[in-house]
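Dear colleague,

Please find the structure that I am handing over to you below. A short account of its strands follows it.

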Amino acid sequence: MPQTPVRPSRSDGAFADLFARRTRTPLRGFLPGRRVWSAVGGSAAMVLVITGGTALVSRIDFSGGDGNKVTTAAEKKDAAKDKTPAHSRTPTAPASSAAPAHKERDDGPAVVYLPAPGGGNAGSYGSGGADDGSGAGTTRTSPPRSTAPTRQTSTSYLWSDGAVEGDSNPYWDQSAVTVQTTKALKSLKVVVKIAQTGGVADTGTWTNLGDKVSVASASSSGELDYVVTLKPGVTVDPGTYIFRFQYNHKQGDRDADGDRYNVTTTSTAGTTEYRKGDF
């Protein structure tokens, strides 16, 4: 006899339907879905865009300058290097190699002051603002004027010399004064002092001027003095004149280190000369 088919109950059908649906749906496990990946990728792109924009804006200089030109911070730094003061740069050539092409002020040529002969400060002083190559003017002041008179060329016309003329007599000597003049004289005076070394006494004088002069002598405990003077109103021509002064002394060679003389003359033009020396 035919069997009657067994119909599944409602609960059996729900179970079978649930089992069939689960077998058709694959398990995703722990992997994120498409929406998650889209959100993560979009966030990363936005971060990159914001970072790049910030770096670009930081390199733009909005401080001013040409209204049609945008200067970056790097260009501004390079321009600042070009404006470094001249004195802080390393020189590429000597300061005196080239003069500046343009000067806003010209004080004219430098003035050099030379000190008077025989004194004064050495060196030269310029006036005005001189350019020393550093870009800044250096002011120099002039030295004080020297009050010392300027030395003139010598016009001396008088020369003299003294000497002891030896003699064979051990008790006697004579000292000679030689005077040379290149100008005529209206006044002449010769003074001789012979130191007292023992027994020194006057024995006479001699001169090639003859009676044109007057002679006087005097002695003391320390020395023997002679004075020869040209007589008033008498003039002598240019030439060489010799005066000898004679004296006794104790026996032996006499030491003349203490003897001395001086000569004073006045030329007919009114110039006075003075000389002194020893024997």
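The notes below cover two sheets and the pairing within them.

The model is predicted, so that local features need pLDDT of at least 70 and side-chain atom pairs count only at pLDDT 80 or more, while totals for chains, interfaces and linings use all residues. Residues are numbered from 1 along each chain as its sequence is written, and side-chain values use heavy atoms, with hydrogens and water left out.

One open sheet is built from five strands, ordered S9-S10-S7-S12-S13, with antiparallel pairing. Here a strand is a DSSP run of E with at least two residues, numbered from the N terminus, and two strands pair if DSSP finds at least two bridges between them. At the edges lie strand S9 (213-219) and strand S13 (272-278), each of which pairs on one side only. From one strand to the next, the twist averages 10 degrees; the axes are lines fitted to C-alpha atoms, and angles run from 0 to 180 degrees between N-to-C directions. Within this sheet, strand S7 (residues 185-195) pairs with strand S10 (residues 223-230) in the antiparallel sense over seven bridges. Lys193 has Asp225 in S10 as its bridge partner.

A further open sheet has four strands in the order S5-S6-S11-S8, and its pairing is antiparallel. Its edge strands are strand S5 (158-165) and strand S8 (201-207), each pairing on one side only. The twist in this sheet averages 15 degrees from one strand to the next. S5 pairs with strand S6 (residues 172-181) over eight bridges, in the antiparallel sense. The bridge partner of Val164 in S6 is Ser175.

Yours sincerely
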